[in-house]
Amino acid sequence: MFGLEFPPINAILRWKDLFPTFNKIALIAVAAAFIGIMLFLLASRKNPMLAPTGSRNLAETSVDFIEDGIVMQTLGKSGLGWTPFLLSLFIFIFLCNIPGIIPILQMPATARIAIPLTLSLLVWVVYIGTGIKHQGLGYFGHLLWPPDVPTALKPLVGLIEFISTIFVTPFSLTVRLMANMMAGHILLVTFGLLTESLLLAETNQIFLVPMSILPFGMLIFLTGFEILVAFLQAYIFTILAAVYINNSTAGHGDDH
Amino acid sequence: MEAFAALVAQVDDPADLKNIEAASGAGMAYGLAAIGPGIGIGYLVGKSVEAMARQPESAGMVRTTMFLGIAFTEALALIGFVVFILLKFA
């Protein structure tokens, strides 16, 4: 329309398969898992009696962050056993998000629905399993009816609570992560395209070409912003997982 | 809106027409979906800053709850964004 051809969505979000069923997204996910495991393995090899340096420093900081920022705020002291699970979730999601701004890779693996969906189904299984483990089959009663619901309202409340816990929760977890990363990615593509098309514009109005500094500045700003988003989305996914797990352990509406 | 309708009426090619409808519908969907969460997040963060300014010692707890609230509110806008993508490209 304005001499700017936006590429089809597949050109932005899809790559050729490296070999069948294994594409760049899968490569990034495998690399993220590998890097996360290696980081913590390296950290665990170091002498815990010395002042932490290098990888151990990073590992201790992240464990501290998960314990103080997520577990203690939501699950309380009795939930400290959940730290490893939540830490792995956080590290994996963050390492999948951050390639969105790393040159050459330039693609957050979580911008495709596969990884967010798998992770939220994992969280779904974990919090329902926790509920059954802690409350037996009574969990499904607590799940449907918060205490002190009038009998007349029970069918309605039960239906709403059932749909919200079983379907809406994993759906919103998935969509929140996927859409945030995809929106960021498309935003970066848009400003990259604007910069390129202004810089290479075949026009006799020569003052247009230096104007490409404007979208370029925005591109730099948004790249910084994406680092924040990558961190924040990993944090939000993890803290929501912790909140859902807490709901299953404590029962509905109990003060914890 | 009338000018837009007049413009659409001039288009003959059905494929173009479909593209126009998809693009305008997608823009409308995202624009409408962004209104509510915009108001909601503004109100939420404003109140949280108020709370933190009143009681700086409870800032950590307020911040955690604020992020939770933002996550829930933001989901609506993001569903609008997904609808935008589906309308525009699917």
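Let me begin with a definition, because I will lean on it throughout: two residues are in contact if their C-beta atoms, placed from the backbone, lie within 7 Å. With that in hand, among the contacts in chain A between residues at least 6 apart in sequence, 66% join residues at least 24 apart, and for chain B the figure under the same limits is 77%.

Before going on, I should say that this is a predicted model, in which local features need pLDDT of at least 70 and side-chain atom pairs count only at pLDDT 80 or more, while totals for chains, interfaces and linings use all residues. Residues are numbered from 1 along each chain as its sequence is written, chains are lettered from A, and ligands are numbered from 1, in the order in which they are written.

Now to the chains themselves. Chain A has 8 helices and 0 strands, where helices (H or I, at least four residues) and strands (E, at least two) are DSSP runs, numbered from the N terminus. The radius of gyration of chain A, taken over C-alpha atoms, is 23 Å, well over the 18 Å that the globule rule gives for 256 residues, so chain A is more spread out than a compact globule; the rule itself is 2.2 Å times the number of residues to the power 0.38. Along the principal axes, the C-alpha atoms of chain A fill a box of roughly 75 × 60 × 35 Å.

Chain B, in turn, has 3 helices and 0 strands, and its radius of gyration is 20 Å, where a compact globule of 90 residues would have one near 12 Å. Its C-alpha atoms fill a box of roughly 65 × 25 × 10 Å, again taken along the principal axes.

How much of each chain is buried? A residue is buried if 20 or more other C-beta atoms lie within 10 Å of its own, exposed if 12 or fewer, and partly exposed in between, with C-beta atoms placed from the backbone. By that count, 32% of the 256 residues of chain A are buried, and buried residues make up 10% of the 90 residues in chain B.

Let me turn to helix 3 of chain A, residues 54-74. Its 21 residues, at 1.5 Å a residue, should span 30 Å, and its end C-alpha atoms are 30 Å apart, which agrees; the expected span is 1.5 Å times one less than the number of residues. Helix 3 of chain A nevertheless has a kink of about 30°, centred on A:Glu67, the bend at a residue being the angle between axes fitted to the seven residues ending there and the seven starting there. Buried in this helix are A:Arg56, A:Ala59, A:Ile66, A:Ile70, A:Val71 and A:Thr74, and the buried residues of the helix pack against helix 2 (24-45), helix 4 (83-97) and helix 8 of chain A. Just after helix 3 of chain A, A:Gly76 takes a positive phi of about 80°.

In soluble globular proteins, nonpolar side chains tend to be buried together. Here, a nonpolar core means a set of buried Ala, Val, Leu, Ile, Met, Phe, Trp, Tyr and Cys residues joined through C-beta atoms within 7 Å. The largest such core has 53 residues, and among the members that touch the most others are A:Leu86, A:Phe90 and A:Phe237. Both chains take part, since helix 2 (14-54) and helix 3 (59-89) of chain B are among the helices that each supply at least two residues of this core. Helix 8 of chain A gives the largest share, 12 residues. As for A:Phe90, it touches A:Ile66, A:Ala234 and A:Thr238, if we leave out residues up to four places away in sequence.Where do the two chains meet? The contact takes 12 residues from chain A and 13 residues from chain B. On the side of chain A that touches chain B, helix 7 (154-199) and helix 8 (213-250) of chain A give two or more residues, and helix 7 of chain A gives the most, with 6 residues.

I will finish in the loop between helix 4 and helix 5 of chain A, where A:Ile104 is found. A:Ile104 has a positive phi of about 75° although it is not a glycine, and it is exposed, with 6 other C-beta atoms within 10 Å.
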